[in-house]
Amino acid sequence: MNIFRVVHTGLTAVGMIFATSPTWAQVSCDVDYRIMNSWNSGFQGQITIKNTGSNAITNWQLEFLLPETQSIVQGWAGQFEQSSSSQMVTVTHESWNSNIPSGGSVSPGFIGASNGSSSNVPAMFVVNGVRCGASEPEPVPEPEPVPEPEPVPEPEPVPEPEPVPEPEPVPEPEPVPEPEPVPEPEPVPEPEPVPEPEPVPEPEPVPEPVPTGEPQMAVVVDGLSWPWGLDFLPDGRALVTEKVGNLRLLGNDHMLSSPLAGLPNIEAEGQGGLLDVLVGPTFAQDQYVYFCYAGEEGNQSGTEVARARFDGARLQDWMVIFTATKIGGGGLHYGCRLAFHEDGHLFIGLGEYFEYDQAQNINNHLGTIIRIHPDGQVPNDNPFVNQANARPEIWSYGHRNIQGMAVHPTTGKIWNHEHGPQGGDEVNIPRAGENYGWPLACYGSHYNGEQIPDDHAGQGFIEPIHYWTPSIAPSGMIFYRGNMFPEWKGNLFVGALAGRHISRLTLDGEAVISETKMFEDMNVRFRELSEAPDGSIYILTDGGTIYRLYR
């Protein structure tokens, strides 16, 4: 392609182009260049195209090659059009595409453009659809012939080498005398053993800071209908039962939910209703929660235990795993406390429905502690599993009305307390197959004033660990394990209904060595105690309030 460049040389510039093919027209071009006053730098010009060849031009146009930074303006005879991807712009006008006969010419008029500070504007013609340029390329001269090389003369023959004389024989070397033996080195004495460094004693662990300050009691929520049981979920929320038959969720923000769905009909009569609740030890895997309540069958009622899955909002898969012996009417002494032993067995504390003598009859469940697997199956090592006329679920008997159970934090044993009549409330450690004496032995008296023998051991019964006379009517019970009150760790806490206080028992092994009554000035019936994950203690009252004990 031959490129015709229009060079700004003042006011006038003239350019000529000729086609390089004989089939093209020969063309010349006059460009009149003028500076435009309306732009600081620019040009406009009148182009005259002459056909000096013998063939007519049927189609032509003029192209300008401008830098990318130049702007494009409207000319008189046409316009430049440029895209960001190309620097080639084309000036076209329909009147320019008319035929230019042989020897003819055409003056399309003026064109204009702003070319920045540049003074050279490359341009080219496109004639009959093919770009052509200002001049034909100069012919490339043929290369001069390379002269043939002169013949190389043959080399002269090399004379044969003279024979090399045989070398004279080398005389044998004289024998080298054997070296004198080197004396063995003296043994190097072994280094003295380096004494081992004395062991650096491990640093003593830095004790955690002990919380200080007086215990504080704050209201968490109020207005419940006879709250009875409370236990914490792994995420810090708690499930709360109302004796009337409701289960509620207490959030970490201390907001109380509406009654949760999934409960069966509950016999809420007298001392019966929805009573204890216990989050299973394998809740993280199976979401099981366990309930103790008064169930009804026809005109009879009795204690039942069930489990269900809690999905965070409701109960599902409700299944009764234990049904105690039922009797007609009464509505008293259902007991109904639950505890899981460290070996995974579920313990259930029952009352004797106010049927005193039945607590000595192991052919029913009245006044007993029950031991079962979490699914309700009876362990093979229960004490009465192979005994005729005995219920295989029974672990111990001779109890009156159990409303508190807890697991000792060190020994793992189950502890319980039970109501006496007038005096004689007891704390016991139930052992397999043992009889705890009710109603044949007690440290209280009957409601009619009749005295009850207080000799347990003399009648073959187990003596209580601790007892209260007069009665405090014990309810909820926990061993404290947390760090919020380190001075209380291992103490046994018991709520008192009639006594209207919380009893804190200090222990030495399995012996109670002191008792402190707390919060007597509140004058409320303390129903249940439960330790929260942070070490604070949540307390339920019969008046419908949940308190938090903290520091």
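Biologist: Which residue is the bridge partner of Phe 526 in strand 32?

Modeller: In this predicted model, Phe 526 is bridged to Thr 541 of strand 32.

Biologist: How do you know that strand 31 and strand 32 pair?

Modeller: Pairing requires at least two bridges. Strand 31 and strand 32 (residues 537–541) have five, in the antiparallel sense, so they count as paired.

Biologist: What makes strand 10 and strand 31 the edges of their sheet?

Modeller: The sheet is open, with four strands in the order 10-33-32-31 and antiparallel pairing. Strand 10 (216–221) and strand 31 (526–531) each have a single partner strand, so one side of each lacks a neighbour in the sheet. The average turn between neighbouring strands, direction ignored, is 25 degrees.

Biologist: Which strands stand at the edges of the sheet ordered 23-24-25-26?

Modeller: That sheet is also described as open, with four strands paired antiparallel. Its edges are strand 23 (402–407) and strand 26 (466–468), each of which pairs on one side only. From one strand to the next, the twist averages 15 degrees.

Biologist: Why are strand 25 and strand 26 called paired?

Modeller: The threshold is at least two bridges. Strand 25 (residues 425–428) and strand 26 have three, running antiparallel, so the term applies. One bridge joins Glu 426 to Tyr 467 of strand 26.

Biologist: What makes strand 27 largely enclosed by the rest of the structure?

Modeller: A residue is buried under 20% relative accessible area. Six of the six residues of strand 27 (residues 474–479) are buried, which is why the strand is described that way. Strand 27 also pairs with strand 28 (residues 492–496) in the antiparallel sense, over four bridges. Met 477 has Val 494 of strand 28 as its bridge partner.

Biologist: Is Thr 241 buried or exposed, and how do you know?

Modeller: Buried means under 20%. Thr 241 has a relative accessible area of 0%, so Thr 241 is buried. Thr 241 belongs to strand 12 (residues 238–242). Leaving aside residues up to four places away in sequence, its contacts include Trp 226, Trp 228, Asn 246, Leu 274 and Val 277.

Biologist: Why do the approaches of the Thr 241 side chain to Gly 229 and Leu 275 count as polar contacts?

Modeller: The cut-off is within 3.5 Å, for a donor and an acceptor. A polar atom of the Thr 241 side chain lies 2.8 Å from the backbone nitrogen of Gly 229. The side chain of Thr 241 also reaches the backbone oxygen of Leu 275 at 2.6 Å. Both distances fall within the cut-off.

Note on methods: Residues are numbered from 1 along each chain as its sequence is written. This is a predicted model: local features need pLDDT of at least 70, side-chain atom pairs count only at pLDDT 80 or more; totals for chains, interfaces and linings use all residues. Side-chain values use heavy atoms; hydrogens and water are left out. Helices (H or I, at least four residues) and strands (E, at least two) are DSSP runs, numbered from the N terminus. Axes are lines fitted to C-alpha atoms, for helices over the stretch in contact, and angles run from 0 to 180 degrees between N-to-C directions. Buried means under 20% relative accessible area, exposed over 50%, partly exposed in between (1.4 Å probe, protein chains only). Contact means heavy atoms within 4.5 Å.
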